[in-house]
Amino acid sequence: MQIKINTKTEIMWIVVALYLLKRYVIEVEMFFLLMAGVLAIYTLRKQAISIPKIPGLWIYVALLGFMCVLGTINHPISLVERDAFYEFYPVLYLFFGYYIFDYYRNHDKSIWKTVCLCLFISTVVCLIRGVAEVSVGANFGMFRDAFSAEVQNISVIAPILMCRTFLYKEETFSKSKDLFLCLAWGAQMLLNLSRVAIVNVFAGIIIMFLCGTISGKIKTKNYFRVFVMVAVLVAMGGLIFSVMPKDATDRLAEKIENTFTEINAKKTYGTSGDAQTDWRGYEIQCAQNQWSKYSTMEQIFGKGNGTLISIHYVPEAWKDTVEIQNQKLGVTILHNTYYTYLIKGGVLSILILLYFIGANLIRGVRRIKSQDKETIFWGIVLIAISLAILTNAYVVRTMISKGSEMMIIILVGWINARLNEPRNIGKTEVEMREV
C-alpha cells in the first residue's frame with residue numbers, strides 16, 4: 001500500500017530530512033553538531049534570540065549547567081562533556097520542535113503527519129531488514145536487535161494514532177492508510193519483544209480514552225471500541241507469537257514473569273550471573289550504595305557530570321565500555337534516569353526533572369478542558385508523552401539519550417509553541433498557519 005502525500009502542503013520536509021540523516025546517514029555526534037547549527041541558522045535568520053516558553057525548561061537547563069560546572073571541579077573535562085552530550089541532546093530537540101512551529105507559521109504543514117511519516121519510514125526499513133535477518137532462525141536477542149529501531153518512539157505514538165483513528169474518528173492520512181500504519185507499528189513492536197513497548201501501547205490507549213472521555217471528545221459508549229481495539233492487538237500478538245521460535249517467546253514470557261523481580265534492588269547479587277539476570281535491580285543497588293556514602297551536601301547536589309556509577313560485576317558486552325574512577329569500575333549511564341541523576345545531581349536533580357516533566361503534564365491536563373478540539377487533542381498528546389517519559393525513565397535512558405527520543409520530544413516542543421498562541425484557539429492546525 002502506498003501512502004500518497006501532498007508534498008506541497010502537508011509534510012515538514014526539513015524535519016523528515018534531518019530525521020533520515022540521523023537515522024541512516026551520520027553518527028550521533030555529528031548530528032548533535034548539525035542540530036546545533038540548524039538552531040544557530042534559525043536564530044541568525046530571525047535576527048533575534050527566541051526563548052522557548054516551555055514549563056520547567058529553564059530550571060532544567062540550569063540544572064544541567066550546574067552539573068557540568070560541578071563536574072569540572074571533580075572530574076576530567078572529557079567525562080563531563082560526554083555526560084553533557086547525553087543530557088543536552090533532548091534539549092536540542094525541544095528547541096527544534098519549538099522553533100519549527102514558528103518557521104512553518106505561514107505554511108500549511110502538519111507536525112502530526114510529519115512525525116507519523118518519519119516513524120513509518122523507519123518501520124518499513126526495520127521490518128524488511130529484520131525479517132531478512134531472522135528468517136533463517138533467531139533467538140530472543142536477535143529479535144530484540146533486529147526490530148528495535150525507534151520502537152520507544154513508536155510505542156508512544158502508535159496508541160495515539162490508534163485512538164485518533166478508531167475512537168476519535170479522525171483521519172491522519174486516510175482510514176485504510178491509518179489502519180495499515182497501525183498494523184505495521186504493531187507488528188514491529190510485537191516482533192521486538194519489548195515489555196516497555198507493550199506496556200506503553202496499552203497504557204497509551206487507556207490514557208487517550210480517559211482523557212477523551214473527560215474532555216467530551218469521546219463518549220462512554222466507546223467502551224466497546226476500546227474492547228475491540230485491545231482484542232485485535234491481543235489476537236495479532238497471539239498470531240505473531242505462534243510463528244516465532246519457541247526460544248524467543250519463552251524468553252519473553254520469562255522476562256514478563258520476572259519484571260518486578262528484575263528491578264528489585266534488595267536482592268543479594270553474589271555472582272556475575274546473578275547481576276546479569278536482574279541487571280536493572282543490580283544497577284539500582286549499586287547507585288543506592290554509592291549515594292549512601294556521599295556527604296549530606298553531595299546527597300543533595302551530587303558530584304556533577306563525569307561521575308561514574310561504580311559496579312563490581314561487568315557484563316561481557318560491557319567490558320570495552322566500563323572505566324576506572326577512584327580505583328573502581330564504573331559506567332556513565334544506567335538503565336534508569338532517576339538513579340543516574342541521583343549520582344550526578346543528587347536529590348535536587350530528580351526533583352527538578354520531575355518538576356519539568358510534571359509541569360508539561362499539568363499543562364496538558366489543563367488543555368483538555370478547552371472548547372477547542374485541536375487544543376484538546378494536543379493536550380492529550382502532551383499528557384501521553386509526559387507520562388511515558390516519567391514512567392519509562394525508571395527502566396530506560398529517558399532524557400539522557402543519544403537521540404532515540406527525537407520524534408516525541410520534538411512534539412513536546414512544537415505543542416508548547418502551539419499552546420502559547422492564544423489567538424489560535426478555535427483554529428485547526430492548518431488554519432492557524434494562515435494567521
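## A walk from a small sheet to the packed helices

Let's start in the sheet, where Ser 310 stands opposite Gly 330 in E3. Keep in mind as you look around that this is a predicted model. Ser 310 sits in a short strand, E1 (309–310), and two bridges join E1 to E3, with the two strands running antiparallel. On the E2 side, E3 (residues 328–331) is held by three bridges, and that pair runs antiparallel as well. One of the pairings to look for here is Ile 324, whose bridge partner in E3 is Leu 329.

Put those pairs together and you get an open sheet of three strands in the order E1-E3-E2, with antiparallel pairing. Which strands stand at the edges? They are E1 and E2 (323–325), and each has a single partner strand, so one side of each is left without a neighbour in the sheet. To get from E2 to E3, follow the hairpin: there are two residues between the strands, and Asn 326 takes a positive phi near 55°.

Stay with Ser 310 for a moment, as it also leads to a pocket. The second largest pocket holds about 380 Å³ of space. It is lined by 19 residues, and the closest to its centre are Cys 286, Gln 290, Lys 293, Ser 310 and Lys 328. Helix H14 (residues 279–292) gives the largest share of this lining, with five residues. What is the lining made of, by nonpolar, polar and charged residues? The split is seven nonpolar, nine polar and three charged.

Now over to the helices. Two packed helices are described by the angle between their axes and the distance between the axes. Take helix H3 (residues 57–74) and helix H4 (residues 77–103): their axes come within 9 Å and cross at roughly 170°. That angle is over 145°, which means H3 is roughly antiparallel to H4. On the H3 side the contact includes Leu 57, Trp 58, Val 61, Leu 64 and Cys 68, while the H4 side includes Ile 77, Val 80, Phe 88, Val 91 and Leu 94. By class, this contact has 14 nonpolar, three polar and one charged residues.

H4 has another partner to look at, helix H1 (residues 13–25). The axes of H1 and H4 come within 12 Å and cross at roughly 155°, and the two helices are therefore roughly antiparallel to each other. Here H1 brings Ile 14, Val 15, Leu 18 and Lys 22, and H4 answers with Tyr 93, Phe 96, Ile 100 and Tyr 103. This contact divides into seven nonpolar residues, no polar and one charged.

Leu 94, which we met in the contact of H3 with H4, takes us to the last stop, since it is also one of the residues that line the largest cavity. A search of the whole structure finds two cavities of 30 Å³ or more, and about 70 Å³ of space lies in the largest. Along with Leu 94, the lining has Phe 356, Ile 357, Asn 360, Ser 386, Ile 389, Met 399, Ile 409 and Val 412. Which helix supplies the largest share of that lining? It is H16, with three residues. Helix H16 (337–367), helix H17 (373–392) and helix H18 (406–419) each supply at least two residues. By class, the cavity lining has seven nonpolar residues, two polar and no charged.

Note on methods
Residues numbered from 1 in each chain as written. Predicted model: local features only at pLDDT ≥ 70, side-chain atom pairs only at ≥ 80, totals over all residues. Heavy atoms only, no water. Axes fitted to C-alpha atoms, helices over the stretch in contact; angles between N-to-C directions. Helix = DSSP H or I, 4+ residues; strand = E, 2+ residues; numbered from the N terminus. Parallel < 35°, antiparallel > 145°, perpendicular 65-115°, else oblique. Contact = heavy atoms within 4.5 Å. Nonpolar A, V, L, I, M, F, W, Y, C, P; charged D, E, K, R; others polar. 1 Å grid on protein atoms, 1.4 Å probe; cavity = no way out; pocket = protein on both sides within 12 Å on 5 of 7 lines; lining within 4 Å. Points joined across faces, edges and corners; volume = space filled by probe spheres on them. Pairing = 2+ DSSP bridges.
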